[in-house]
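Please read this briefing alongside the sequence and the coordinates. The topics are strand pairing, charged contacts and backbone angles.

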Amino acid sequence: ADDYINSGIDLNEELIHNPTSTFFLRVSGHSMSNAGIQDGDLLVVDRSLNPHPGHIVIAVLDGAFTLKRLALKNETLYLEADHPNYPPIELWQYEDVQIWGVAVHSIHHLNSIATSK
């Protein structure tokens, strides 16, 4: 820890590997809470990464953004929440499907005191 105190930590260097394709998005909802992503978290999303099953992705389904885990079952891609109250999303039900980016980090407050400012 003393090494970091003396040199400092550059969060851009730690969290952003592709600056021109990295974006921040604010999470709204609880569908990924079992993955450690909470309502109000700040996501670091990298659009240059190739999404694979198992990745948590930002998808655009008929113009609406959603955050889910990309999954593959019986050679069919779908999106699944990490919360039992949300059913899997079958992509074939949508006319326009885009995987917009891959979530690489989630930043959230640890104490309610930090959010009271």
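The points below are grouped by topic. The model is predicted, and its seven strands form an open sheet with antiparallel pairing, while a search of the whole structure finds one salt bridge.

**Sheet**
- The strands follow the order β1-β2-β7-β3-β4-β5-β6 across the open sheet, and because β1 (22-26) and β6 at the edges each have a single partner strand, one side of each is left without a neighbour in the sheet.
- Strand β2 (residues 42-46) pairs with strand β7 (residues 97-107) in the antiparallel sense over five bridges, and within this pairing L43 has S106 of β7 as its bridge partner.

**Salt bridge**
- R69 and D82 form a salt bridge in which the closest N and O atoms are 2.6 Å apart; since R69 belongs to strand β4 (residues 64-73) and D82 to the loop between β5 (76-80) and β6 (89-90), the pair ties together parts that are 13 residues apart in sequence.
- R69 counts as partly exposed because its relative accessibility is 21%, whereas D82, with a relative accessible area of 16%, is buried, the cut-off for buried being under 20%.

**Loop between β4 and β5**
- N74, found in the loop between β4 and β5, has a phi near 55°, a positive value in a residue other than glycine, and it counts as exposed at 70% relative accessibility.
- E75 lies in the loop between β4 and β5, where its phi is near 60°, a positive value in a residue other than glycine, and its relative accessibility of 79% makes E75 count as exposed.

Key: Residues are numbered from 1 along each chain as its sequence is written. This is a predicted model: local features need pLDDT of at least 70, side-chain atom pairs count only at pLDDT 80 or more; totals for chains, interfaces and linings use all residues. Side-chain values use heavy atoms; hydrogens and water are left out. A salt bridge is a side-chain nitrogen of Lys or Arg within 4 Å of a carboxyl oxygen of Asp or Glu. Helices (H or I, at least four residues) and strands (E, at least two) are DSSP runs, numbered from the N terminus. Buried means under 20% relative accessible area, exposed over 50%, partly exposed in between (1.4 Å probe, protein chains only). Two strands pair if DSSP finds at least two bridges between them.
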